[in-house]
Amino acid sequence: MFEIAIIVANVLLSISLVLGFWRLYLGPTLPDRVVALELIASLTIGFIAVYVISSGRTPFIDVAMVLALTAFLAAIGFARYLEKGGHREDD
Amino acid sequence: MIELITGFFLVIGAAFMMVAALGLVRMPDLPMRLHATTKAGVLGAGLMMVGVAVYFGDGGVTARAVAVIGFLLLTAPVAAHAIGRAGYFVGVPLWEHTRSDELKGRYDDKTHTLASPPEMNESSADDEPRR
């Protein structure tokens with residue numbers, strides 16, 4: 001039963017990852033791709049949670065913590081770049 | 001029993017993540033995609049970290065899982081706000097069926113400061129109530 005739950009969680013996260021990469025490929029604008037990257041970072045945190053539970057290697061939770069902060073910094077950096085000097089989409 | 005609760009949290013969290021990814025693909029414009037991914041994605045990741053905390057039941061693991069959830073809850077809204085604001089300034093096209101864009105023309109293109117709507121300026125200038 002528990003193994004089935006882990007497999008189901010992995011399958012759902014994998015489908016979500018494919019959908020996230022699909023939006024990353026489609027675009028159509030740079031902010032859309034940043035949103036997709038942020039969701040992919042959240043998905044990786046979910047994968048780490050499943051892996052920690054299935055393998056029992058608790059130090060990986062620290063990786064999830066660092067990943068959450070790094071994804072935030074990346075999103076803020078992209079937003080600053082777009083707002084200060086990015087090209088406009090409508091001209 | 002612990003395994004049952006953990007599996008429940010894992011599957012529910014993964015299901016919310018999948019709803020977020022579906023919203024990311026299916027929603028028609030940037031603010032709606034932000035709306036779908038930020039809330040559902042953070043809820044899904046948070047529920048999965050709750051599953052980790054329940055499964056191990058150890059003080060250190062629980063503290064780190066709570067720290068991850070705290071960071072997610074603190075950073076995701078700020079990042080979504082920054083991306084949405086930047087997207088609005090860059091001129092990302094809104095959905096074709098959008099009814100109204102309340103911010104249109106209110107932002108100064110150079111300084112990115114927000115002006116008050118003209119009706120409010122008028123009514124504060126003269127104290128007469130507007131008919």
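Colleague: Reading along the sequence, what pattern does chain B follow?

Modeller: Chain B runs α-α-α-α. That comes to four helices and zero strands. Bear in mind that this is a predicted model.

Colleague: How much of chain B is buried, and what about its surface?

Modeller: Of its 131 residues, 37% count as buried. The accessible surface of chain B is about 7600 Å², and 62% of that belongs to carbon and sulfur atoms. As for contacts in chain B with a separation of 6 or more, 54% are between residues 24 or more positions apart.

Colleague: On to helix packing. What describes two packed helices?

Modeller: You describe such a pair by the angle between the axes and the distance between them. Try it inside chain B: helix α2 (residues 30-56) and α3(B) have axes that come within 9 Å and cross at roughly 175°.

Colleague: And how are α2(B) and α3(B) oriented to each other, parallel or antiparallel?

Modeller: Angles over 145 degrees count as roughly antiparallel, so α2(B) and α3(B) are roughly antiparallel to each other.

Colleague: Which residues of α2(B) and α3(B) meet?

Modeller: On the α2(B) side they include Leu30(B), Leu34(B), Val42(B), Met49(B) and Phe56(B). From α3(B), Val61(B), Ile69(B), Leu72(B), Ala80(B) and Ile83(B) are among them. By class, the residues in the contact of α2(B) with α3(B) are 18 nonpolar, five polar and no charged.

Colleague: Now across the chains. At what angle do α2 of chain A and α3 of chain B pack?

Modeller: Helix α2 (residues 30-55) of chain A and helix α3 (residues 59-90) of chain B pack at about 170°, with axes 10 Å apart. That angle makes α2(A) roughly antiparallel to α3(B). From α2(A), Pro31(A), Val34(A), Val35(A), Glu38(A) and Ile45(A) take part. They meet α3(B) residues including Val68(B), Leu72(B), Ala76(B) and Ile83(B). The classes here are nine nonpolar, one polar and one charged.

Colleague: What about the two α2 helices, roughly how do they cross?

Modeller: The axes of α2(A) and α2(B) come within 9 Å and cross at roughly 10°. Angles under 35 degrees count as roughly parallel, so α2(A) and α2(B) are roughly parallel to each other. The crossing of α2(A) past α2(B) is left-handed. Among the residues making the contact are Leu39(A), Ile45(A) and Ile53(A) of α2(A), along with Leu34(B), Met48(B) and Tyr55(B) of α2(B). The contact of α2(A) with α2(B) has 16 nonpolar, five polar and two charged residues.

Colleague: Let's try single residues. Is Ala86(B) buried or exposed?

Modeller: Look at the relative accessible area: under 20% means buried. Ala86(B), in helix α3 of chain B, has 0%, so Ala86(B) is buried. Leaving aside neighbours within four places in sequence, Ala86(B) is in contact with Ala79(A), Leu82(A) and Glu83(A).

Colleague: How far is Ala86(B) from Ala21(B)?

Modeller: Their C-alpha atoms are separated by 22 Å, with the two positions 65 residues apart along the chain.

Colleague: And what is the relative accessible area of Phe21(A)?

Modeller: Phe21(A) sits in helix α1 (residues 2-26) of chain A. With a relative accessible area of 45%, Phe21(A) is partly exposed. Phe21(A) and Ile40(A) are 19 residues apart in sequence, and 7.9 Å apart in space, C-alpha to C-alpha.

How values were computed:
Residues numbered from 1 in each chain as written. Chains lettered and ligands numbered in written order. Predicted model: local features only at pLDDT ≥ 70, side-chain atom pairs only at ≥ 80, totals over all residues. Heavy atoms only, no water. Axes fitted to C-alpha atoms, helices over the stretch in contact; angles between N-to-C directions. Parallel < 35°, antiparallel > 145°, perpendicular 65-115°, else oblique. Contact = heavy atoms within 4.5 Å. Nonpolar A, V, L, I, M, F, W, Y, C, P; charged D, E, K, R; others polar. Buried < 20%, exposed > 50% of the residue type's maximum accessible area, 1.4 Å probe, protein only. Areas by Shrake-Rupley, 256 points an atom, 1.4 Å probe, with all protein chains shown as cover. Left-handed = near helix turned anticlockwise from the far one by under 90°.
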